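Student: I should like to learn how to read a structural model, feature by feature. Where should we begin?

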Protein chains: 2
Amino acid sequence: MSTATVSRALSAPDRVAEATRHAVMAAIERTGYRVNQTARNLRRQRTGAIVVLVPNIGNPFFSRVLAGIEAAASREGLNVLIADSQQAQARDGQLRNYLHDNRADGIISLDGSLSDGFFAAANRGRPPVVYACEWSPGTRLPSIRFDNEGGAALAVRHLVELGHRRIGHILGPADNVLTHARQAGVERALDACGLAVRRDWFFEGDFSLAAGARAAQAWLGMAERPSAVTASSDEMACGFMSELHRAGVAVPRDVSVVGFDDIDISERFIPGLTTIRQPRQEIGGRAASVLIGLIAGGGQSDDGAPASEMLPATLVVRGSTQPAGSMELR
Amino acid sequence: MSTATVSRALSAPDRVAEATRHAVMAAIERTGYRVNQTARNLRRQRTGAIVVLVPNIGNPFFSRVLAGIEAAASREGLNVLIADSQQAQARDGQLRNYLHDNRADGIISLDGSLSDGFFAAANRGRPPVVYACEWSPGTRLPSIRFDNEGGAALAVRHLVELGHRRIGHILGPADNVLTHARQAGVERALDACGLAVRRDWFFEGDFSLAAGARAAQAWLGMAERPSAVTASSDEMACGFMSELHRAGVAVPRDVSVVGFDDIDISERFIPGLTTIRQPRQEIGGRAASVLIGLIAGGGQSDDGAPASEMLPATLVVRGSTQPAGSMELR
DNA sequence: GGGTTTTATGCAATCGATTACATTTATTTT
DNA sequence: AAAATAAATGTAATCGATTGCATAAAACCC
């Protein structure tokens with residue numbers, strides 16, 4: 001029996017006689033044969049893998065997104081390769097190694113600081129690239145986004161409805177696209193509610209617990225304090241509340257706090273954190289699905305338009321927000 | 001110029017004349033040539049990748065371990081493939097696909113429920129396997145472990161030194177090797193301190209926040225309550241404290257709590273969580289290093305003994321523990 | 001039963017690199 | 001300068017599967 005027949009018995013069972021097929025299967029069973037993926041991939045001109053560029057693998061925010069990607073990819077028999085985009089970029093051009101189409105059949109970038117142009121330089125559309133969570137401003141590549149602006153606006157409106165009129169915001173890292181979107185949402189909502197945008201109530205941050213704690217210190221040092229604060233991430237919101245607690249300031253009695261993301265701990269923080277829920281696993285899953293479509297479709301998005309999606313924001317109300325004190329209500 | 005010369009210019013620069021080498025490099029620069037990894041791997045009989053079997057990718061505990069693995073692996077030019085061992089196992093034999101040596105040059109299992117025998121059946125020592133964090137009881141494969149028993153004992157001794165004599169423990173999942181090690185550590189330390197091991201003070205759990213909350217409910221319902229509780233994970237400790245807070249019970253005033261892991265939030269929880277620090281990134285890094293050694297060494301551990309390691313436990317004291325009340329001190 | 005169509009199998013090229021061996025070219029030695 | 005040695009390059013086989021084309025075998029038709 002020739003190797004060709006074996007190959008067909010495996011990848012096109014109906015192009016082979018039933019008896020032969022059974023013989024092949026029996027032999028495979030007996031010898032423990034497994035197809036050599038490397039050889040198959042070489043011949044088929046694909047790699048059977050997608051690479052996920054993660055700004056920082058250690059950041060637990062991404063693990064849920066990754067789980068969604070992995071689930072969708074493995075359903076299609078695709079391997080998931082992870083690469084730390086910040087680290088790889090630091091080590092001279094190591095990141096470029098991942099972008100070429102002999103490494104992966106597709107790329108999901110969770111890192112918005114990697115631009116369109118960066119990918120284009122390395123790959124001219126092959127392999128296809130999809131952004132998830134983050135994206136590069138003005139990109140023409142498909143992206144799966146969360147409604148960051150709408151989410152931030154929801155947070156502000158919730159506080160306004162509780163009677164708050166002095167509302168602050170803890171920003172994410174300055175160069176991050178999510179930071180800008182969420183800040184824009186906050187400003188738009190403040191504006192829509194007829195409240196002034198007070199620059200001194202925008203605290204610098206970087207999504208981390210420590211940044212939230214620093215914002216708390218800034219808040220404590222203020223003569224005129226916001227009565228409510230929205231944070232651009234749950235981690236910062238928790239860091240903020242934690243540091244305030246150490247200073248004897250109680251949330252929500254003395255200040256209301258809204259987070260962003262709805263990470264696992266938020267429900268169980270003390271107090272429970274009111275926040276904007278981001279379906280991280282779903283974002284990952286959708287990104288993988290879109291990418292798989294692009295891979296199958298030869299990289300052309302069938303209708304010309306990139307298959308981008310925006311997932312809606314929802315507010316989860318917990319214990320960290322309460323109606324503004326009488327001073328606010330005037 | 002032949003392809004052989006090009007190949008040598010790249011992988012053995014000193015076997016080629018300097019002029020030719022420069023010509024090759026120039027041509028590469030000009031044409032944007034990249035070696036086809038698939039072809040190289042086929043010829044070299046390797047894959048250039050290691051696979052990490054993660055029980056649950058969405059669990060943020062593992063993301064740090066993964067970061068350590070990725071850093072060490074990418075330093076060696078190895079790709080990191082992630083696979084969800086629970087999911088892959090659920091979908092019939094899909095997990096076996098990852099174990100063969102035409103998929104990966106090595107395997108790191110973070111899943112102790114995958115046994116020696118399971119790996120042996122699929123691979124007869126090729127590719128090499130290393131356990132990290134978890135391991136299979138009685139395994140002869142190398143493993144990078146944390147001193148779970150010692151850590152749990154540290155936690156208990158800390159409480160005893162504070163004067164606690166009624167000490168409970170929230171268990172991890174029943175079939176988990178870490179659960180057993182930590183439980184053994186608790187029992188050993190109680191014993192060494194002359195305290196009785198009270199089975200009714202061992203709460204069932206599964207490492208999750210929700211399990212901690214359930215343990216809190218159980219604690220609340222007890223006639224005779226432990227004055228201090230050690231949890232087999234920080235998540236459970238946080239869930240425990242959170243649920244107690246909702247019931248109006250204060251930590252550490254009414255009960256002291258010690259966690260296990262030192263995840264990011266522990267420092268900033270309210271109160272800060274006293275816990276056993278586990279250097280997750282380092283565990284991952286060491287596991288990758290050991291695995292890389294095995295890959296290079298042809299799978300033979302040079303001295304016969306598997307290159308296992310155990311990392312020492314350290315106690316981090318924060319606000320969730322305080323001296324026992326006078327009732328305890330008698 | 002002979003011719004025609006359909007189905008099943010084999011042959012051999014191919015994917016893109018690596019490498020043992022052969023050959024050519026350069027360098028050293030006497 | 002010829003011989004001996006060393007260095008550089010080329011030739012061609014190889015890794016293990018896939019697949020276009022050719023051929024053989026079976027099924028069908030009148």
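Tutor: Let us begin with the interior, bearing in mind that this is a predicted model. In soluble globular proteins, nonpolar side chains tend to be buried together. Here the largest nonpolar core has 175 residues, and those touching the most other members are Ile50(A), Val52(A), Phe240(A), Ile50(B), Val52(B) and Phe240(B).

Student: With which residues is Ile50(A) in contact, leaving aside its neighbours within four places in sequence?

Tutor: The partners of Ile50(A) are Ala73(A), Leu78(A), Val80(A), Leu81(A), Ala104(A), Asp105(A), Gly106(A), Ile107(A), Ile108(A) and Leu291(A).

Student: How should I describe chain A as a whole?

Tutor: One may take its elements, its extent and its burial in turn. Chain A contains 13 helices and 12 strands. Its C-alpha atoms fill a box of roughly 90 × 40 × 40 Å along the principal axes. Of its 330 residues, 52% are buried. Among the contacts in chain A with a separation of 6 or more, 73% are between residues 24 or more positions apart.

Student: What does such a contact look like for a single residue?

Tutor: Consider Val156(A), which is found in helix α8 (residues 148–161) of chain A. Val156(A) counts as buried because 25 other C-beta atoms lie within 10 Å, where 20 or more are required. Not counting residues up to four places away in sequence, Val156(A) touches Ile167(A), Val186(A), Ala189(A), Leu190(A) and Thr230(A). With Leu190(A), the separation is 34 residues in sequence, yet the C-alpha atoms are 7.0 Å apart in space.

Student: How does one judge the length of a helix?

Tutor: One compares the distance between its end C-alpha atoms with the span expected at 1.5 Å a residue. Helix α9 (residues 177–192) of chain B has 16 residues and should therefore span 22 Å, which agrees with the 22 Å between its end C-alpha atoms. Helix α10 (residues 209–220) of chain B, with 12 residues, reaches 17 Å from its first C-alpha to its last, close to the expected 16 Å.

Student: Which residues of α9(B) are buried, and against which elements do they pack?

Tutor: In α9(B), the buried residues are Leu178(B), Thr179(B), Ala181(B), Arg182(B), Gln183(B), Gly185(B), Val186(B), Ala189(B) and Leu190(B). They pack against α8 (148–161), β6 and β8 of chain B. Just after α9(B), Gly194(B) takes a positive phi of about 75°.

Student: What covers the buried residues of α10(B)?

Tutor: The buried residues of α10(B) are Leu209(B), Ala211(B), Gly212(B), Ala213(B), Arg214(B), Ala215(B), Ala216(B) and Trp219(B). Their cover includes β6 (167–170), β7 (202–203), β8 (228–231) and α11 (234–246) of chain B.

Student: How are chain A and chain B related to each other?

Tutor: For two copies, one asks what rotation and shift lay one on the other. A turn of 180° with a shift of 0.0 Å along the axis lays chain A on chain B with an RMSD of 0.0 Å. The two copies are thus related as by a two-fold rotation axis. Both copies use the same surface, since 100% of the contact residues of chain A recur in chain B.

Student: How many residues does the contact take from each chain?

Tutor: The contact takes 39 residues from chain A and 39 residues from chain B. On the side of chain A that touches chain B, α3, α4 (60–75), β2 (79–84), α5 (85–90) and α11 (234–246) of chain A each supply at least two residues. The most, eight residues, come from α4(A). By class, this side of chain A has 15 nonpolar, 17 polar and seven charged residues.

Student: Finally, how should I read the surfaces near the DNA?

Tutor: One asks which residues surround each strand and which elements supply them. DNA strand C is surrounded by 23 residues, of which the closest are Ala4(A), Ala4(B), Ser7(B), Asn36(B) and Ala39(B). Helices α1 (3–11) and α3 (37–44) of chain A, with α1 (3–11) and α3 (37–44) of chain B, each supply at least two residues of this surface near DNA strand C. The largest share, six residues, comes from α1(B).

Student: Which residues are closest to DNA strand D?

Tutor: Of the 24 residues that surround DNA strand D, the closest are Ala4(A), Ser7(A), Asn36(A), Ala39(A) and Thr20(B). For the surface near DNA strand D, the largest share, six residues, comes from α1(A). By class, the surface near DNA strand D has 10 nonpolar, eight polar and six charged residues.

Definitions and conventions. Residues numbered from 1 in each chain as written. Chains lettered and ligands numbered in written order. Predicted model: local features only at pLDDT ≥ 70, side-chain atom pairs only at ≥ 80, totals over all residues. Helix = DSSP H or I, 4+ residues; strand = E, 2+ residues; numbered from the N terminus. Buried ≥ 20, exposed ≤ 12 C-beta atoms within 10 Å, placed from the backbone. Contact = placed C-beta atoms within 7 Å. Near = placed C-beta within 6 Å. Least-squares fit on C-alpha atoms with pLDDT ≥ 70 in both. Core = buried A, V, L, I, M, F, W, Y, C linked by C-beta atoms within 7 Å. Expected span 1.5 Å × (residues − 1). Nonpolar A, V, L, I, M, F, W, Y, C, P; charged D, E, K, R; others polar.
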